[in-house]
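User: I would like to learn how to read a model like this one step by step. Could you walk me through it?

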Amino acid sequence: MEAKKTLNLTLKVWRQKNAQTEGAFETYEAKDVSPDASFLEMLDSVNEILIKKGELPIVFDHDCREGICGSCGFMINGNAHGPQKSTTVCQLHMRQFEDGQELVLEPWRASAFPVIKDLMCDRSAFDRIIKAGGYISVNTGGARDANSIPISKVNADEAFLSATCIACGACVASCKNASAALFTGAKISHLALLPQGQVEKDERALNMVSQMDAEGFGACTTTGACSAACPKEISLTNIAKMNREYLRASFAQKEEVAGGDLA
Amino acid sequence: MLEFLKSTVGRKYLMGLTGLVWMGFVLTHMAGNMLILVSAKAYNQYGHAIVSNKILLYGAEAVLLLALITHVYCAITLTLKNRRGRDSRYAVTPNGEKAPSRASQFMGIQGSLILAFIILHLITFKYGNYYETTVDGVVMRDLHRVIIEVFHIPVYVIWYVVCLILLLFHLSHGAHSVFQSFGILERKMQKGLKKIAWVYAVIVVAGFLSQPLYVFLIHKK
Ligand code: HEM
Ligand code: FES
C-alpha cells in the first residue's frame, strides 16, 4: 500500500504565562505530521520536541480524547474546534488540513473565561451556572425502576439532544458577545422537558439566567455562531426555550414558603 | 418584574416587542405612501386623513416614540454588556461553515444610522416646508409638493437608498431573531422563519425604494 503523504505545517500559537501577563503569538513548525493523527496528537509531538529543547510545552486542556468530556477546545484559524462541523478538536484529524498550511491557534477569549495558560482557560463560570440550578433534587436510596415515570418520546428525544451538551465552551468562544445563552439554554431545556425537572423549574430558570448574567457573559443576538461551532449541534431552539421558561417563571405566582419563621 | 427587565433575556423581550411595533409601522407607512405613485390628490387626501384624527395620531405617535426610546435604550445597554463580554480580540474570527450571517454582526451600526435617518426624515417631511392646497373644497397641506421637491435632490435620494439598504439588513435579521427572543422558535420553523423574514424585509424596502426612485427618475418637477 502506498504510504500516506505527511504534512508540514506552520503553527502560530498563543503563548501566555498566566491570567496576569499579556500573551503573544509564537511560531512553530510541525514536521512530518501523519494525516491520521488527531490534532492533539500533532500538538503532543510538537510539545515533545519543545521539551527536548528545554522549552515549555504548549498547554492545552484535554481528557477523554473521544469527544465526550468537553475538556478540549481552542480556536484554529478563527473557528472553535477547527473547521470541521460537529467535532471536538480531539476528534479533528490532520487530513482536514493541507500541506504547507499556516494555522493560528488561540484560546477561547471571553471575559468570563480568563486564560490560565497558553490555550487553556478557566471555565468555572459554567460550573457556577450549573450550581445555580442545573440539577434536580431527589432523595437518595435505591434507584427507581427505569420505566416507572412515563415520558413522551418527543420530549425524551428533545431532552436527550439538549443533554448532549458537553459544556466545552465553544458557543461562548464563537459568539461575538461571548454569550453563554446556548449552554444555559441547553441545561434549562434539558431539565424543563422531563417530569423530574418540573418541581424546581421556575427557580432553575430564574437562578441560572441571573448567574449567567452575573458572570459577565454577553446577551444573545441570534447570530447562530454558537450552534454552528457546537460539536454536539445544540440547536438555537434551546435559547428560545430558556427565554420562554424565564418569562413564565418571572411572572408566575411565587409560592409561599413556610419555614422561614419556624426554622 | 424589575429583575426581569434588568436581565439580558428580559431586555431582549423588550427589544423584540418594540422592534415588532416598528415593523408594523414601517409596513403600513410603506403601503400608504405607495399613493405617491397614484396621484397628488390621493396622496394629499391620505396624509390629511391621518393628521385629522388627533386622538389616533397622538396615540400612535406616543406608542412609536416610546417604542423607539425603549428599543434604542436596550440596544445601547445590551451592546455595552456584549462588548464587555469579550475583553480581548481574536486574531482570526469564525469563518467558512462556522461563520455567522453578516447582517447579525452589525445590528448596532445599522440601528444607529436608522435612528439618524428617522430624525432627519421627520425634520424634512413632518416639520419641513408647509404648502397649502385645496382638494374637493378642503384646505390641506400639500405634502405631495414637498415629497416631489425633496426627491429631486440627488444627495437626499442617495442617502435614502443607503439607509433603506441598511434597513433591509436590520429587518432581515431582526424579523427572525424576534421569534427566538420571544421563545417561540421551534426546530421545524428555523429555515422557514429566515425566509419569511427576508420576504418581509424585501417587501418593505422595495416598496419604500420605489417611491424616491419613481419621483427622481420618472415624475417631472
Ligand atoms: C425602523 C426601526 C427599527 C425596527 C423596525 C427595528 C427592528 C428590530 C428587530 C425586530 C430586532 C430584533 C429584536 C430581537 O432580536 O428580539 C432589532 C434588533 C436590534 N435593533 Fe432594531 N429596529 C429599528 C430601529 C433601531 C434603532 C434606531 C436602533 C439603534 C439605535 C436599533 C438597534 C438594534 C440592535 C442593536 C439590535 C440587536 C439587539 C441584539 O440582538 O443584541 N434598531 N431591531
Ligand atoms: S478531550 Fe474530551 S472532548 Fe475532547
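Analyst: Happy to; we will go from the chains to the ligand site and then to a few single residues. Please keep in mind that this is a predicted model.

User: Let's begin with the folds. How many helices and strands does chain B have, and in what pattern do they follow along the sequence?

Analyst: A good habit is to count the elements and then read their order. Chain B has nine helices and two strands. Read along the sequence, the pattern is α-α-α-α-α-α-β-β-α-α-α, with the two strands next to each other in that order. Chain A is built from eight helices and seven strands.

User: What box do the C-alpha atoms of each chain fill?

Analyst: Here one looks along the principal axes. For chain B the box is roughly 65 × 40 × 35 Å, and the C-alpha trace of chain A spans about 70 × 45 × 40 Å.

User: What share of each chain is buried?

Analyst: Burial is read from relative accessible area, with under 20% as the cut-off. In chain B, buried residues make up 42% of the 221 residues. In chain A, 50% of the 263 residues count as buried.

User: Which atoms supply the surface, then?

Analyst: For that we split the accessible area by atom type. Chain B exposes about 12,400 Å², and carbon and sulfur atoms supply 72% of it. The surface of chain A comes to about 12,800 Å², with 51% belonging to carbon and sulfur atoms.

User: How far apart are the mean positions of the positive and negative charges?

Analyst: This tells you how the two sets of charges are placed relative to each other. Chain B has 22 positive and 9 negative charges, and their mean positions are 10 Å apart. In chain A, with 27 positive and 33 negative side chains, the two centres lie 1 Å apart.

User: And what share of the contacts joins residues at least 24 apart?

Analyst: Take the contacts between residues at least 6 apart in sequence, and ask how many reach further along the chain. In chain B, 75% of them join residues at least 24 apart. The corresponding share for chain A is 70%.

User: Now the ligand. How many residues surround ligand 1, and which are the closest?

Analyst: Start with the shell, then look for the elements that supply it. There are 23 residues around ligand 1, and the closest are B:K12, B:H71, B:H170, B:S177 and B:S181. The helices α2 (8-33), α4 (54-85), α6 (107-126) and α8 (154-181) of chain B each supply at least two residues of this shell. The largest share, seven residues, comes from α2(B).

User: Why is the site described as shared between chains?

Analyst: Because residues from both chains A and B surround ligand 1. You can see this in the polar pairs too. On the chain A side, a polar side-chain atom of A:T221 lies 3.0 Å from an oxygen atom of ligand 1. On the chain B side, B:H71 places a polar side-chain atom 2.8 Å from a nitrogen atom of the ligand, and B:S181 has one 2.7 Å from an oxygen atom.

User: Is B:S177 buried or exposed?

Analyst: B:S177 has 7% relative accessibility, so this residue counts as buried. B:S177 is found in helix α8 of chain B. Leaving aside neighbours within four places in sequence, B:S177 is in contact with A:T221, A:T222 and B:K12.

User: Could we finish with a residue in a loop? Where does B:Y131 lie?

Analyst: For a loop residue, ask what flanks the loop, and then what the side chain touches. B:Y131 lies between α6 and β1 (132-135) of chain B. At 16% relative accessibility, B:Y131 counts as buried. Beyond neighbours within four places, its contacts include B:M140, B:R145 and B:V146. The C-alpha atoms of B:Y131 and B:R145 are separated by 7.6 Å, although the two are 14 residues apart along the chain.

User: With which side chains does B:Y131 make polar contacts?

Analyst: One is with the side chain of B:N129, at 3.2 Å. Another, of 2.7 Å, joins B:Y131 to the side chain of B:E149. B:E149 is found in helix α7 (residues 143-150), and is partly exposed, with a relative accessible area of 31%. The C-alpha atoms of B:E149 and B:K221 are separated by 7.1 Å, with their positions 72 residues apart along the chain.

Notes
Residues are numbered from 1 along each chain as its sequence is written. Chains are lettered from A and ligands numbered from 1 in the order in which they are written. This is a predicted model: local features need pLDDT of at least 70, side-chain atom pairs count only at pLDDT 80 or more; totals for chains, interfaces and linings use all residues. Side-chain values use heavy atoms; hydrogens and water are left out. Helices (H or I, at least four residues) and strands (E, at least two) are DSSP runs, numbered from the N terminus. Buried means under 20% relative accessible area, exposed over 50%, partly exposed in between (1.4 Å probe, protein chains only). Contact means heavy atoms within 4.5 Å. Accessible areas come from the Shrake-Rupley method with a 1.4 Å probe; for residues, only the protein chains shown count as cover. Lys and Arg count as positive and Asp and Glu as negative; His and the chain ends are not counted. The place of a charge is taken as NZ of Lys, CZ of Arg, CG of Asp or CD of Glu. A residue is near a molecule or strand if one of its heavy atoms lies within 4 Å of it. A polar contact is a pair of N or O atoms within 3.5 Å; within protein, one must be able to donate a hydrogen and the other to accept it, and residues adjacent in sequence count only if both atoms are side-chain atoms.
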